Amino acid sequence: MIAAIRGTHDILPGEVEKWQHVERCARVLCERYGYAEVRTPVIEREELFAKGTGETTDIVQKEMYAFTDKSGDRITLRPEATPSMVRAYIEHNLGQVLPAAKLYALGPMFRYERPQKGRYRQFHQLDVEVFGMEDPAVDAEVIDLAWSLISTLEIAQAELVINSVGCPTCRPVFQEALLAALGSDLPKLCGDCQRRATTNPLRIYDCKVPADQPIIDALPHSVDYLCEPCATHYAGVKGHLDAISLPWRESHRLVRGLDYYVRTTFEVLGQTLGAQNALLGGGRYDGLVKRLGGADHAGIGFAAGLERLVLALPDSAAIAATPRAFIVAIGEDGRAAAWLLLRELRQSGLAAQMEFEARGVRAQMKRADRLAARVTLIVGGDELARGEVTLRDMTTGEQRAVARDTVVAAVRELL
Ligand code: HAM
């Protein structure tokens with residue numbers, strides 16, 4: 001037996017309906033907020049992520065599925081969507097071509113991480129990006145879309161956390177203050193943190209090692225070191241969030257694990273996921289479009305993990321299965337007539353099934369039950385002779401004869 005690769009999973013019937021529900025809600029909301037769908041390739045040049053996601057990130061250093069293809073090019077399975085979206089935005093001049101550069105994408109991402117609940121090697125994201133807009137109202141609109149997704153999916157006890165990590169002007173000042181505050185405590189931190197102190201000190205706030213927490217909790221907050229424009233921007237974002245009554249909490253530890261963020265960062269945390277509690281995360285990345293070869297256009301967005309949204313759905317989530325009809329055929333003549341009726345129902349847009357192998361009535365009724373058919377149609381010699389079909393409402397158990405030429409309308413009424 002050849003099993004699925006560790007950290008990947010099949011999404012089977014029974015589970016897939018939840019996925020369809022999440023994807024449907026995501027699409028409806030994105031369209032409502034004015035985003036257009038984009039589909040980018042799953043494979044990209046490795047350097048796109050080295051430059052985009054950042055050389056010092058765990059993603060690029062440890063987690064990429066990268067390989068040399070047959071023509072000697074370095075290729076990788078995308079670990080995240082943002083650099084691909086930026087590449088597509090630049091490559092197709094979407095800032096000019098589209099009325100508004102507000103894009104969304106749905107699809108699989110790949111990271112060689114240690115699998116656990118809510119963390120996989122192939123996972124799926126809804127990715128949302130806005131280009132060329134700097135106003136803090138845009139940050140609030142993106143966060144509002146993220147929050148609406150969580151509330152539309154009826155995920156309870158979610159928490160919106162925000163922060164501002166400053167910009168290339170004010171961040172160095174903050175980093176200096178951070179390292180100064182660490183001072184003699186630095187050697188007491190874990191090996192990862194000591195490495196981060198030289199590569200990307202802000203990532204120290206991401207550390208999950210219990211022994212490090214008291215030291216990290218006492219470190220300075222980036223919001224206290226923002227330059228004037230960053231402080232004004234951040235105040236604007238909070239003002240817009242308050243105006244629409246979104247319940248946010250500020251966390252100085254929300255620095256995010258990717259290198260491109262400036263100013264606003266945010267996450268929505270769930271309660272049901274254990275250690276992997278981020279349902280979605282994102283922020284502003286002004287400067288990235290330019291770094292990847294485009295004009296100096298701003299950018300902001302977020303990505304939600306679909307596996308995590310599906311795990312967090314309430315049991316009561318109203319996930320409607322397609323209501324269907326089932327035709328029970330009696331005898332050879334019945335089967336021939338049933339086949340015609342089946343096609344008629346399907347052509348008129350109704351979901352219908354029948355058993356093609358010759359089976360007894362009881363076996364066919366059992367099948368109708370297993371399929372959770374809402375209506376069963378019984379087509380047999382006696383009924384046919386009278387030009388009728390017997391229609392059984394599976395919810396009430398009621399049964400009645402219906403004229404053959406009105407049967408489609410009668411089924412439609414019951415579905
Ligand atoms: P990220 O925080 O790396 O950000 O991922 C976003 C979300 O994807 C996470 O909050 C989580 O729900 C899900 N996720 C990440 N890794 C895994 C995994 N191994 N297994 C399951 N789910 C996972 C980004 O990817 C940025 N590109 C977001 C962004 C868009 N920022 C600006 N625009």
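The questions and answers below look at the ligand and a pocket in this predicted model.

Q: What makes the pair formed by the ligand and the side chain of Glu80 a polar contact?
A: A nitrogen atom of the ligand lies 2.5 Å from an N or O atom in the side chain of Glu80, and because a polar contact is a pair of N or O atoms within 3.5 Å, this pair counts as one.

Q: How do you know that Gln125 and Tyr260 also make polar contacts with the ligand?
A: A polar side-chain atom of Gln125 is 3.1 Å from an oxygen atom of the ligand, while an N or O atom in the side chain of Tyr260 is 3.1 Å from a nitrogen atom of the ligand; the cut-off is 3.5 Å, so both pairs qualify. The protein covers 96% of the 660 Å² of accessible area that the ligand has on its own.

Q: Which strand gives the most residues to the shell around the ligand?
A: That strand is β10, with six residues, and the elements that give two or more residues are β6 (122-131), β10 (278-284) and β11 (299-305).

Q: Why are eight residues of the shell around the ligand called charged?
A: Asp, Glu, Lys and Arg count as charged, so the eight residues placed in that class are of these kinds, beside 11 nonpolar and eight polar residues in the shell.

Q: What is known of the second largest pocket, and which residues lie closest to its centre?
A: The second largest pocket holds about 320 Å³ of space, and of its 19 lining residues the closest to the centre are Arg171, Asn200, Asp259, Tyr260 and Tyr261.

Methods. Residues numbered from 1 in each chain as written. Predicted model: local features only at pLDDT ≥ 70, side-chain atom pairs only at ≥ 80, totals over all residues. Heavy atoms only, no water. 1 Å grid on protein atoms, 1.4 Å probe; cavity = no way out; pocket = protein on both sides within 12 Å on 5 of 7 lines; lining within 4 Å. Points joined across faces, edges and corners; volume = space filled by probe spheres on them. Polar contact = N/O pair within 3.5 Å; in protein donor to acceptor, adjacent residues only side chain to side chain. Areas by Shrake-Rupley, 256 points an atom, 1.4 Å probe, with all protein chains shown as cover. Helix = DSSP H or I, 4+ residues; strand = E, 2+ residues; numbered from the N terminus.
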